[in-house]
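Could you walk me through what holds this protein fold together, one contact at a time? I work at the bench and would like the reasoning as well as the results.

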Amino acid sequence: MPLILETIVTTLSPTGEIHLVPFGLIQDGLDLILAPFRPSPTILNLDASPVFAASSPRDVRVIAGCVTGRRDWPVLPCDRIRGQRLADSYAHAEFEVVAVEDDPTRPRYRGRMVHQASHAPFLGYNRAQAAVLEAAILSTRLHMLEPEKILAEMRYLAIAISKTAGPREREAWDWIEDKVAAALGRDERILANPGAA
């Protein structure tokens, strides 16, 4: 299995509007592959302007926010490409698309790094951040998974939230839990009572 880096990817529309979305970039040698599912604004943007930025967010709410309809996060201009990058990030990298493998379901854009920069020190991992990341990914697959599988995974992830989350991780979790609850037609909170789901 390839190494996949979970990032926030930014692209620009033909009219210059930013599209900010969580993406797992697939490492392939020195390049990173961006493989969005159709239909996707990212595909339209890359076809019009074949560059993108990838940022490592300091605030896990950015990832949770993007998958729950909260996409208005501060950005800054990129250094070497026409585009924007996430402002509050540990680091970011800028890529030019050097090849496209077309596919009716999931085209693959090969990104070659043209610039990278660090912006803040990274002092350590938080289990709740990892749980929010996994829950965010899970929330994008609600149409593909059985409700029992979704609830089982959310119950397990809630353990890390209850033990290690700070205010940001709790808020991010609440956004995702609201999305999952709405999709499954539930009123009960998983985190408030992890054994009840």
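Happy to help: the questions and answers below go through the cores, cysteines, salt bridges and aromatic pairs of this predicted model.

Q: Which residues touch the most other members of the largest nonpolar core, and how many residues does this core have?
A: In soluble globular proteins, nonpolar side chains tend to be buried together. Here, the members with the most contacts to other members are Met154, Trp173 and Ile176. The core they belong to counts 31 residues.

Q: Which helix gives the most residues to this core?
A: Four elements supply two or more residues each: helix H2 (61-67), helix H3 (127-139), helix H4 (147-164) and helix H5 (167-184). The core also draws at least three residues from each of domain 1 (4-118) and domain 2 (127-192). The top contributor, with seven residues, is H4.

Q: Which residues does methionine 154 touch, not counting those up to four places away in sequence?
A: Let's leave out the sequence neighbours up to four places away. Methionine 154 then touches Ala135, Leu138, Trp173, Ile176, Glu177, Val180 and Ile190.

Q: How many residues are in the second, separate core?
A: This core is separate from the one described above. Its members include Val21, Leu25, Leu46 and Phe52. The count is 14 residues.

Q: Why is there no bond between the sulfur of cysteine 66 and the closest cysteine sulfur?
A: Both cysteines are buried, cysteine 66 with a relative accessible area of 3% and cysteine 78 with 11%. A disulfide needs the two sulfur atoms within 2.5 Å, and a search of the whole structure finds zero disulfides. The sulfur of cysteine 66 has its closest cysteine sulfur in cysteine 78, and that is too far for a bond because the distance is 15 Å.

Q: How many residues apart in sequence are the parts tied together by aspartate 31 and arginine 112?
A: Side chains of opposite charge can pair when their charged atoms come close. Aspartate 31 and arginine 112 meet in a salt bridge, at 2.7 Å from N to O. Aspartate 31 is buried at 5% relative accessibility, whereas arginine 112 is partly exposed at 42%. Since aspartate 31 lies in strand S3 (residues 31-34) and arginine 112 in strand S8 (residues 108-118), the separation of the parts they tie together is 81 residues.

Q: Which residues are linked with Asp31 and Arg112 in a network of salt bridges?
A: By the distance rule used here, the structure has twelve salt bridges. The network that holds Asp31 and Arg112 also links Asp28 and Arg110.

Q: Is aspartate 102, the salt-bridge partner of arginine 38, buried or exposed?
A: Arginine 38 and aspartate 102 form a salt bridge with their closest N and O atoms 2.7 Å apart. Arginine 38 lies in the loop between S3 and helix H1 (41-48) and aspartate 102 in the loop between strand S7 (89-101) and S8, so the pair ties together parts 64 residues apart in sequence. Arginine 38 is partly exposed, at 37%. At 60% relative accessibility, aspartate 102 counts as exposed.

Q: What is the relative accessibility of glutamate 177, which forms a salt bridge with arginine 189?
A: The closest N and O atoms of glutamate 177 and arginine 189 are 3.6 Å apart. Glutamate 177 lies in helix H5 and arginine 189 in the segment after H5. Arginine 189 is partly exposed, with a relative accessible area of 28%. Glutamate 177 counts as buried, at 2%.

Q: Are the rings of phenylalanine 52 and phenylalanine 95 stacked or edge-to-face?
A: The structure has three aromatic pairs. The ring centres of phenylalanine 52 and phenylalanine 95 are 4.9 Å apart and their planes lie at 15 degrees, so this pair is stacked.

Q: Which residues form one aromatic cluster with Phe122?
A: The rings of tyrosine 90 and phenylalanine 122 have centres 5.1 Å apart and planes at 90 degrees, so the pair is edge-to-face. Tyrosine 90 sits in strand S7 and phenylalanine 122 in the loop between S8 and H3, 32 residues apart. Phenylalanine 122 is partly exposed, at 43%. Its companions in the cluster are Tyr90 and Tyr125.

Note on methods: Residues numbered from 1 in each chain as written. Predicted model: local features only at pLDDT ≥ 70, side-chain atom pairs only at ≥ 80, totals over all residues. Heavy atoms only, no water. Core = buried A, V, L, I, M, F, W, Y, C linked by side-chain atoms within 4.5 Å. Buried < 20%, exposed > 50% of the residue type's maximum accessible area, 1.4 Å probe, protein only. Domains from an automatic or database assignment. Contact = heavy atoms within 4.5 Å. Salt bridge = Lys/Arg side-chain N within 4 Å of Asp/Glu carboxyl O. Phe/Tyr/Trp six-rings, centres within 6.5 Å; stacked < 30°, edge-to-face > 60°.
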